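These notebook entries record what I looked up in the structure shown below. I began with strand pairing and then went on to the core, the chain contact and a few loops.

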Amino acid sequence: MATAPQIPATRPRWARSPFYFNSASHLLRIGREKAACLQELLEAIRTCPDASIFQHTFQTLEEHHFIKEGFSNDFSHWAFAACNEVELAERLSAIDIREFTSIAALRERLVHLIESYLQKNPRSGTRPAMEPFYVMAADLVVVPTPYVARNLEEFADGLRKVSIHSIYYHFIDARLRLKLNTSDFSVWLEQELDLHQAAERLNRIDIYTSTLEGVRRSILKIIEGEIARA
Amino acid sequence: MKENEDKDKAVATDQPESGQELKTQEPSTSGPPPGQKERRFRTSELPPHFIERRKHPRISTEPPPPPAPPRLADYAAIIGMPELDEIRFLARHLQGKTVKMVNSTAVGGGVAEILNRLIPLLNELEIPTRWEVITGGNDFFEVTKGFHNALHGGDYNLTRQIQDIFMAYNEQNRQRMLFTEDLFVIHDPQPVGLIRSRSDTRGRWIWRCHIDLSNPHAGVWDFLKPMVEQYDAAIFSAPAFTRQLAIPQYLFYPSIDPLSEKNRELEESFINKVCDDFGIDRSRPVITQISRFDRLKDPVGVIEAYKLVKKYVDCQLVLAGGGATDDPEGAVVLQEVIDAAGDDPDVIILNLPPWSALEINALQRASTVIVQKSLKEGFGLTVTEGLWKQKPVVAGAVGGIPTQIVHKLTGTLVHSVEGCAYQIRYLLTHPEFAAQLGKNGREHAKENFLITVNLKRWLLLFQILLGMAKPSKTI
């Protein structure tokens with residue numbers, strides 16, 4: 001009886017350039033502006049540094065990475081909790097930072113939303129908030145990690161081991177760095193391993209209805225699926 | 001099923017809420033340890049030894065020997081190796097750089113407690129850090145106590161003589177100390193005048209302000225501000241505590257040490273022993289406020305809230321704290337608390353000595369809900385301790401508490417006795433929601449309020465001020 005030919009174990013596909021996992025540590029700076037009502041918040045958003053817009057939209061997602069409900073940025077949370085302006089809070093909350101590849105565009109969107117709300121509700125502009133909004137900014141310092149991936153197995157291993165701050169850095173913060181609606185992970189999968197579909201599936205992971213640990217699990221599930229298919 | 005029904009009946013009251021059947025369940029965050037038989041009884045059925053312990057709690061009379069400070073590696077189990085690796089990486093570039101930290105007291109007080117933990121960790125990371133304490137006569141410390149109260153908004157008569165006393169002792173300390181380090185961290189207003197040595201050094205100077213400057217006495221602040229503005233950076237504990245300054249201001253939340261006596265994990269048997277010593281019945285919900293006996297902590301308001309809760313849920317209230325032995329006003333407040341409790345045996349009032357960290361830890365861990373109903377507050381580290389122990393926390397929306405409690409996500413914020421009572425009732429009758437708050441609260445504390453996070457902030461600030469790290473070009 002002839003035996004079936006032995007299929008050689010699949011060799012992992014090697015990336016042309018390895019993926020270096022980094023992380024980012026941040027230090028909060030207290031800004032000069034603070035807002036005691038919505039009109040003042042609008043003014044602060046118009047004039048504050050880019051780093052402050054970044055802090056209250058992108059960075060706050062990392063700081064509250066364990067929460068998967070509630071308002072998705074500091075402006076919407078303040079509009080709800082301190083100003084009791086539920087409609088505005090909902091509108092601000094619907095801003096999806098993944099659609100923005102520049103702070104200028106994000107700032108413009110915030111200004112437009114608040115301006116149009118105040119046009120319809122002029123009394124809301126000067127009504128004192130229960131507590132002020134303090135404008136902050138973050139200084140980010142990139143920290144290398146010992147994890148490097150040259151193939152999917154090593155990539156999955158790195159994903160399991162790095163801190164949640166590294167996931168944030170590559171998956172969320174990267175959008176502004178790359179100026180693209182994608183992440184470092186997707187770019188590497190696409191450019192280095194030609195895994196276009198996997199890269200696209202990564203980009204569809206919802207960061208607002210999941211914790212960052214949940215995001216890590218979703219990424220891993222996609223990568224493990226690719227490994228099993230290889 | 002029958003057993004569960006009986007269980008509910010024992011804890012629940014006879015009064016349904018808003019016409020609905022009140023489903024009171026055993027909160028998941030407390031209760032007897034696995035395998036231990038449950039004891040359930042109403043107050044009137046309390047065995048005599050509980051009553052006796054409540055009248056005469058067993059409170060330790062001698063401080064235990066202090067434990068050895070933890071090593072950095074000991075935190076790996078809590079924060080994970082990747083986080084620890086990031087700290088080590090940040091420290092690597094700073095190895096050999098020297099730091100001097102100066103404050104006004106070596107023992108007692110929150111600052112000394114923080115430095116006692118932080119400095120060994122910096123030294124372990126090979127960043128030689130020296131801690132010096134300023135000295136002064138009674139006249140100096142009377143002035144600095146006056147400044148402290150004035151900076152919190154109290155009245156003060158700032159005379160020329162007072163300014164001279166303050167500056168003379170700062171000058172005396174300046175002459176006594178050597179300023180050869182790369183970084184100088186001056187804590188709080190007392191030693192702020194050491195900045196006059198700045199021109200003799202090449203180091204960077206940081207002013208760490210631990211107090212709330214949101215409403216300072218104008219004269220005292222105007223006197224201190226020109227000195228503060230000579231520093232390279234200032235650090236505050238909450239955005240609300242700051243003033244407009246011409247120098248960069250950073251936010252360092254105060255932190256707790258998860259390995260300290262007050263916060264480390266405890267054996268269930270020890271928690272039971274402490275409860276037994278104080279006459280706490282672990283079969284019924286325990287509401288706890290840990291605070292010194294001070295009107296600003298509103299202990300009487302907590303008793304009023306408890307009385308409203310008690311109409312619906314059979315529970316106990318523990319008010320534990322210190323300050324009633326060495327502070328005459330504390331003794332008066334303690335008496336007010338005893339009077340407000342009346343003859344309710346389920347209000348357990350404990351005036352604990354300063355060495356009761358382990359007992360406080362056990363009380364917090366035995367609690368079903370932790371309350372901090374302050375009317376005015378600094379940062380509120382007792383809230384942080386409750387969050388870290390994964391407890392649902394109900395707290396007044398004052399001082400640094402809203403920074404820690406995102407309403408209904410990491411705890412609940414209240415503004416009145418009635419609000420406090422409602423939130424406690426809700427948490428006692430919705431254990432799943434209480435457990436979720438506890439879980440989120442612990443993550444929030446882990447992410448922002450642990451000593452390891454604080455250590456990382458120091459390393460980042462040192463790198464930035466020494467020009468060794470440039471913030472990312474992301475934006």
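For the pairing entries I count two strands as paired if DSSP finds at least two bridges between them. The model is predicted, and every entry below should be read with that in mind.

**Entry 1. Strand β7 of chain B**

I looked up the partners of β7(B). β7(B) and β10(B) pair in the parallel sense over two bridges, and the bridge partner of I287(B) in β10(B) is V369(B). Five bridges join β7(B) to strand β8 (residues 316-321) of chain B, again with the strands running parallel. Here I noted that I290(B) has A320(B) as its bridge partner in β8(B). With α10(B) added, β7(B) and β8(B) make a right-handed β-α-β unit.

Is β7(B) buried on one side or on both? I found both faces covered: V286(B), T288(B) and I290(B) are buried on one side, and I287(B) and Q289(B) on the other. Five of the five residues of β7(B) are buried, so the strand is largely enclosed by the rest of the structure.

**Entry 2. Helix α15 of chain B**

I next checked the helix at residues 417-429 of chain B, α15. It has 13 residues and reaches 18 Å from its first C-alpha to its last, close to the 18 Å expected at 1.5 Å a residue. The buried residues in α15(B) are C420(B), A421(B), Q423(B), I424(B), R425(B), L427(B), L428(B) and T429(B). I note that this list includes R425(B) and Q423(B).

What do these buried residues pack against? Their partners, in chain B, are β7 (286-290), α10 (299-310), β10 (369-372), β11 (393-396), β12 (412-414) and α16 (431-448).

For I424(B) I listed the contacts one by one, leaving out residues up to four places away in sequence. I424(B) touches I287(B), A305(B), V309(B), V369(B), V371(B) and V394(B). Two of these, I287(B) and V369(B), are the bridge partners of Entry 1.

**Entry 3. The largest nonpolar core**

In soluble globular proteins, nonpolar side chains tend to be buried together. I therefore looked up the largest nonpolar core, which has 185 residues. V318(B), V371(B), V394(B), I424(B) and L459(B) have the most contacts inside it. The largest share of this core, 11 residues, comes from strand β2 (residues 133-149) of chain A.

**Entry 4. I280 of chain B**

I located I280(B) in the loop between α9 (268-278) and β7 of chain B. Is I280(B) buried or exposed? I280(B) is buried, because 26 other C-beta atoms lie within 10 Å and 20 or more suffice for that class. Apart from neighbours within four places in sequence, I280(B) is in contact with C275(B), V286(B), Q316(B), V318(B), I348(B) and A366(B). I also took one distance: I280(B) and K389(B) are 109 residues apart in sequence and 19 Å apart in space, C-alpha to C-alpha.

**Entry 5. Chain A and its contact with chain B**

I counted 10 helices and two strands in chain A. From the N terminus on, its elements run β-α-α-α-α-α-β-α-α-α-α-α. The C-alpha atoms of chain A fill a box of roughly 90 × 35 × 25 Å along the principal axes. Buried residues make up 44% of the 230 residues in chain A.

The contact between the chains takes 33 residues from chain B and 34 residues from chain A. On the chain B side, the elements that give two or more residues are α4 (81-92), β6 (249-251), α16 and α17 (451-465). By class, that side has 17 nonpolar, nine polar and seven charged residues. I also found strand pairing across the chains: two bridges join strand β1 (residues 19-35) of chain A to β6(B), and the two run antiparallel. Within this pair, R29(A) stands opposite Y250(B).

**Entry 6. Two positive phi values**

Lastly I looked at two residues other than glycine with positive phi. D194(A) has phi near 55° and is found in the loop between α8 (184-193) and α9 (196-203) of chain A. With 11 C-beta neighbours inside 10 Å, D194(A) counts as exposed. E126(B) has phi near 65° and lies in the loop between α5 (110-124) and β2 (129-133) of chain B. E126(B), with 12 C-beta neighbours inside 10 Å, counts as exposed.

Technical notes:
Residues numbered from 1 in each chain as written. Chains lettered and ligands numbered in written order. Predicted model: local features only at pLDDT ≥ 70, side-chain atom pairs only at ≥ 80, totals over all residues. Core = buried A, V, L, I, M, F, W, Y, C linked by C-beta atoms within 7 Å. Helix = DSSP H or I, 4+ residues; strand = E, 2+ residues; numbered from the N terminus. Contact = placed C-beta atoms within 7 Å. Expected span 1.5 Å × (residues − 1). Nonpolar A, V, L, I, M, F, W, Y, C, P; charged D, E, K, R; others polar. Right-handed = clockwise from strand over helix to strand, strands pointing away.
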